[in-house]
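Colleague: Could you take a close look at one part of this model for me, the strand pairing, and tell me how it sits in the whole chain?

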Amino acid sequence: MLIEVDFAGEVPIYTQVRDQIVIGIAAGLLKPGETLPSVRRLAADIGINVHTVNKAYSLLRDEGFLLMDRRSGAEIAPLMTEDPSFDELLSNKLIPVVAEAICRRMDIEDFCLTVRKTYSFIKRGGK
Amino acid sequence: MAEMALIFYVINLSVLILTGVLLAAMPYYTGKSLLFGVRIPQIHKNHPAVIVLKRNFSLLIGLFVMILMAAVTFQYLFAPKWSIFTSVFAPFALVFFQIIAYVPSWKKARKLKKENQWVVSFVGSADTNMALSRQTFSRMPWYWYISGFALCIIFILISFMVYPKIPETMVTHWNARMQPDDWSQKSYLSVLSIPMIAMGMNVIMLFSNMMVWRMKLQVNQENPALSFAQHRKYRLLLSHVLGLINLLFCVLLLFFGGMTLELWLPDSNTVWALIIGTTAVSILIPVAFSIWAGQAGNKLKPKVLPEDERSAGLIPKNTTVPKPSFQDDRYWILGMFYYNREDPTLFVEDRFGTNGGLNYARPMAWVFVVLIAGLTIATLVLTTVIMINQM
């Protein structure tokens, strides 16, 4: 998978790296057990600081997306099982997004439709 | 002596013309999104001001080359003894002239970009499959170097076999008519020096070839899949070019080695044909390759493999307009020297021309600079001293 980082974007670089790896896993572009480039290699390829990549990797490890090993480096973790506590986390993450949709006068059906479309877009691997 | 001067004159002229053509054509085979080291949107590649800027640079280089050609001719006619001196200094003069022509062009390109408010998004990318960064060395054509090393080893074995038969004083230098003019005492060191030099050259060339593969991958965001394929093909082809030249010079060196061992004693025409042939091939092939393939292969039309199609379109698109300060131009001092403290890469693709460069923010880069500068200064000083002593 190609990871792209927009230096001009408002989103911090480590968040961009983290998000794209999560998207890659969701889309099936990154398979469980697949190794990721070393922190140094990824940093060199993108042209960013080693600490930035390290931060993204640590975050992904803490969230359970990555397995870190001193020898084999970073590896995509096995697929997660359903977790009831994610419901609350999701709702928290959605609050600003839904709020913006409400401000922009989007009704709930349209909102759900967009969510559906995005969901299957990712599932199809971006096609 | 007169013959030598003529040969040098022809070589000097050819080197000037070839490097001149290469320099003058440089704006045209550098990537379309780069204008004298300044990143511009590809759609503006045919902007009238861009065309004029490129043309003026080429014309200026053409003028400089003609001045240098006149100087070389003058030297041949009036100071034929200074041939070697000219051979060493003329390319440096051309590099100096190149900088004179380049810097104003870079300034104008920057101004053009600013005035027209051309904005380019600055995106960095990495490939998690690393088909191009991890498996790279396995794609390298090792056989060029393996054959080079094998030839050296075979030569060393032969040297040991014939060592007892070699006369006590060995010829180590011939003049242009193939008459011996320098000798040295037979010893293992003098016998093995040539294959050792050949080995050393093999190591240096192998190292530069590996550098090609280690270079930071700068994917063109406007068509990532094609860009990946181009990089892959370019690096492979460049490796073949480097490998071929290495092997040619290796064979040439060992051929001379065979002469010192008296394994063969060719006539002067054969030797000159070999020297000129090898030099011509080693200049012509890279020149033709650079112009044909373009910067990092941007003129190549490779087959795009499924593995190249990695950008799945899932990347959230940035909606904000990039700020000029966020463009990568700011990491390129004079548009020529990459200086980025954040970036751990050491080798990068040049922004002007098809060479590679260094990230000067890395301390390792300066080790290279000192080494290369030392070698260059040593060559210049040595040539000058030898020339003055011969006067």
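**The hairpin and its setting**

Modeller: Let's start wide: the centres of domain 1 of chain A and domain 2 of chain A, taken over C-alpha atoms, are 26 Å apart. Domain 1 covers 13–76 and domain 2 covers 86–123, with bounds that come from an automatic or database domain assignment. Bear in mind that this is a predicted model, where local features need pLDDT of at least 70, side-chain atom pairs count only at pLDDT 80 or more, and totals for chains, interfaces and linings use all residues. Residues are numbered from 1 along each chain as its sequence is written, while chains are lettered from A and ligands numbered from 1 in the order in which they are written.

Now the part you asked about. Strand S2 (residues 66–69) of chain A runs antiparallel to strand S3 (residues 73–76) of chain A, with 4 bridges between them; a pair needs at least two DSSP bridges. The two make a hairpin, S2(A) and S3(A) having 3 residues between them. Within that pairing, Leu66(A) sits opposite Ile76(A) in S3(A).

As for the surroundings, chain A has 5 helices and 3 strands, in the order β-α-α-α-β-β-α-α along the sequence. Those are DSSP runs numbered from the N terminus: helices are H or I with at least four residues, strands E with at least two.

On contacts, meaning C-beta atoms, placed from the backbone, within 7 Å, residues 24 or more positions apart supply 54% of those in chain A with a separation of 6 or more. The C-alpha atoms of chain A fill a box of roughly 50 × 35 × 30 Å along the principal axes.

Notes: Two residues are in contact if their C-beta atoms, placed from the backbone, lie within 7 Å.
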